[in-house]
Amino acid sequence: LVNVDAKLAAAVADGLGIEVPEAMPTVPGSDVTPEVTSSPALSLEARPGDGSLTARRVALLVADGVDAAPLLRLHAALLAAGAVPRLVGSKLGTVTAAGGERLIVETTLEALPSCLWDGVVVPSGQKARRALVGNSAVIAFIEEAWRHGKAVRLQGDADDSASADDAFMAELAAYRNPERT
């Protein structure tokens with residue numbers, strides 16, 4: 001601590017009732033050359049997979065008022081492609097879709113955080129969107145997925161068709177988008 005801030009070190013030592021220790025020797029000023037400049041073993045891009053959706057985990061966020069038809073259409077397409085879509089809510093149980101259907105919440109945001117998913121789908125449905133946007137855990141979940149370059153699908157946009165789902169699935173198959181910030 002003495003190497004970082006002498007005043008802080010003195011205050012800490014005084015609080016502990018000890019003498020201020022001697023500063024540690026500093027690192028030589030020579031230029032240190034790193035042993036490794038690139039490691040394929042640690043690179044996500046070195047092993048991109050086979051380009052399929054097999055075993056890709058996709059969080060389909062749900063809340064009361066969700067528009068079930070486009071969400072279940074995408075769920076079926078993901079399953080057919082070998083992906084593992086799951087309905088994720090803020091609590092276990094069921095949610096009531098806009099059309100009255102009951103959807104079973106398979107897991108929660110807290111049980112399986114964003115880092116454990118390969119993609120995220122935010123559903124359409126005004127009531128569901130308001131509930132999801134009002135939940136800080138949902139916002140953090142989506143934000144983390146985006147920052148980590150994962151595929152994110154926002155249903156209910158101008159193009160809420162099967163072709164938009166196909167574009168999402170192609171992004172999901174590409175695995176990550178590290179250039180995105």
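This passage looks at the salt bridges around D165, the packing of helices α2 and α5, and the setting of L53.

The model is a predicted one, so to speak: local features need pLDDT of at least 70, side-chain atom pairs count only at pLDDT 80 or more, and totals for chains, interfaces and linings use all residues. Residues are numbered from 1 along each chain as its sequence is written, and side-chain values use heavy atoms, with hydrogens and water left out.

Four salt bridges turn up in the structure, a salt bridge being a side-chain nitrogen of Lys or Arg within 4 Å of a carboxyl oxygen of Asp or Glu. One of them pairs R73 with D165, at 3.0 Å from N to O. This pair ties together distant parts of the chain, with R73 in helix α2 (residues 68–80) and D165 in helix α5 (residues 162–173), 92 residues apart. Helices and strands here are DSSP runs numbered from the N terminus (H or I of at least four residues for helices, E of at least two for strands). The two partners sit in rather unlike settings: R73 is partly exposed, at a relative accessible area of 33%, whereas D165 is buried, at 2%. For these labels, buried means under 20% relative accessible area, exposed over 50%, and partly exposed in between, with a 1.4 Å probe and protein chains only.

D165 also forms a salt bridge with R153, where the closest N and O atoms are 3.0 Å apart. Here too the pair links distant parts of the chain, as D165 belongs to helix α5 and R153 to strand β7 (residues 151–154), twelve residues away. R153 is buried, with a relative accessible area of 6%. Through shared partners, R73, R153 and D165 end up in one salt-bridge network. Setting aside neighbours within four places in sequence, D165 is in contact (heavy atoms within 4.5 Å) with P70, R73, L74, R153 and Q155.

Another salt bridge joins E143 and R147, at 2.6 Å from N to O. Both residues belong to helix α4 (residues 136–147), and because they are four residues apart, about one helical turn separates them. E143 is partly exposed at 41% relative accessible area, and R147 is exposed at 55%.

Now for the helix pair. Two packed helices are described by the angle between their axes and the distance between the axes. For α2 and α5, the angle is about 45 degrees and the axes are 11 Å apart; axes are lines fitted to C-alpha atoms, for helices over the stretch in contact, and angles run from 0 to 180 degrees between N-to-C directions. The two helices are therefore oblique to each other, given that angles under 35 degrees count as roughly parallel, over 145 as roughly antiparallel, 65 to 115 as roughly perpendicular and the rest as oblique. On the α2 side, P70, R73, L74, A77 and L78 meet A162, D165, F168, M169 and L172 of α5.

L53 lies in the loop between α1 (6–16) and β1 (57–61). At 7% relative accessibility, L53 counts as buried. Not counting residues up to four places away in sequence, L53 touches L78, A81, G82, A83, M169, L172 and A173. The C-alpha atoms of L53 and V121 are 15 Å apart, with their positions 68 residues apart along the chain.
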